[in-house]
Amino acid sequence: MIDATLQRRSLVRDSLPTPHQYLAKRNLMTRKPRGEWAAITCPSHKGGAEKTPSLSVSLIDGHFRCFACGASGGDIVALHRLITGQKFVEAVRELGGRFE
């Protein structure tokens, strides 16, 4: 259940790490990014142990899509939730995000 005090509060997006910071801190970029896009291994299949990274992450806004299994999401919080299995508020807190 979502904390009742957070239900009426908005996420301060600037309190979250940038997609590049997030990927670099977790050593998820095994290849040099190509323009706006970084390729990482997809945590949704093969336990993240695929040989060729199939998940593309936008370094601008964090939206992502896996070209092998179709996993997708709209921001860095969604990616962190996919990787960790956490609920939204837990993921935001772990990323250092805050609500107003």
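Is F99 buried or exposed? In this predicted model, F99 counts as buried because its relative accessibility is 13%. That makes a handy place to start, since F99 has a ring partner. The structure holds one aromatic pair, and it is formed by F88 and F99. The two rings meet edge-to-face, with 6.4 Å from centre to centre and 65° between the planes. The pair ties together distant parts of the chain: F88 belongs to helix α3 and F99 to strand β6 (residues 98-99), with eleven residues separating the two. Unlike the buried F99, F88 counts as partly exposed, because its relative accessibility is 34%.

The stretch around F99 also meets the early part of the chain. V12 sits in strand β1 (residues 11-12), and it is in contact with R98, F99 and E100, leaving aside neighbours within four places in sequence. V12 and R98 are 86 residues apart in sequence, yet their C-alpha atoms are 5.7 Å apart in space. With a relative accessibility of 14%, V12 counts as buried. A little further on, in the loop between β1 and α1, comes S15. The side chain of S15 reaches the backbone nitrogen of R98 at 2.9 Å. S15 also touches L95, G96 and G97 along with R98, again not counting residues up to four places away in sequence. This serine is buried too, at a relative accessible area of 13%. So R98 turns up twice here: it is among the contacts of V12 and among those of S15.

Next comes the sheet. Four strands make an open sheet in the order β2-β3-β4-β5, and the pairing is antiparallel. The edges belong to β2 and β5, and each has a single partner strand, so one side of each is left without a neighbour in the sheet. Four bridges join β2 to β3, and W37 stands opposite S58 in β3. On the other flank of the order, three bridges join β3 to β4. Here V57 stands opposite F64 in β4, while L55 stands opposite C66 in β4. β3 and β4 form a hairpin with five residues between them, and in the turn G62 has a positive phi of about 85°.

Strand β3 deserves a look from both sides. In a regular strand the side chains alternate between the two faces of the sheet. In β3, L55 and V57 lie on one side and S56 and S58 on the other, and all of these are buried, leaving both faces covered. On the first of these sides, L55 has a long list of contacts beyond four places in sequence: A38, A39, I40, C42, P43, F64, R65, C66, L79 and L82. On the opposite side, S56 counts as buried because its relative accessibility is 17%. Its contacts, counted in the same way, are W37, A38, H63, F64, R65 and F67.

What about a serine in an edge strand? S72 is placed in strand β5 (residues 72-73). At 51% relative accessibility, S72 counts as exposed, whereas S56 in β3 is buried. The C-alpha atoms of S72 and S56 are separated by 9.3 Å, and the two serines are 16 residues apart along the chain. Outside four places in sequence, S72 touches F64 and R65. Both F64 and R65 also appear among the contacts of S56.

Finally, there is the nonpolar interior. The largest nonpolar core has 20 residues, and among these L23, L55, V57, I76, V77 and L79 touch the most other members. Several elements each supply at least two residues of this core: helices α1 (19-25), α2 (76-84) and α3 (88-94), together with strands β2 (37-40), β3 (55-58) and β4 (64-66). The most comes from α2, which gives three residues. L55 and V57, two of the well-connected members, sit on one side of β3. L55 also touches L79, another of the residues with the most contacts inside the core.

Technical notes:
Residues numbered from 1 in each chain as written. Predicted model: local features only at pLDDT ≥ 70, side-chain atom pairs only at ≥ 80, totals over all residues. Heavy atoms only, no water. Core = buried A, V, L, I, M, F, W, Y, C linked by side-chain atoms within 4.5 Å. Buried < 20%, exposed > 50% of the residue type's maximum accessible area, 1.4 Å probe, protein only. Contact = heavy atoms within 4.5 Å. Phe/Tyr/Trp six-rings, centres within 6.5 Å; stacked < 30°, edge-to-face > 60°. Pairing = 2+ DSSP bridges. Polar contact = N/O pair within 3.5 Å; in protein donor to acceptor, adjacent residues only side chain to side chain.
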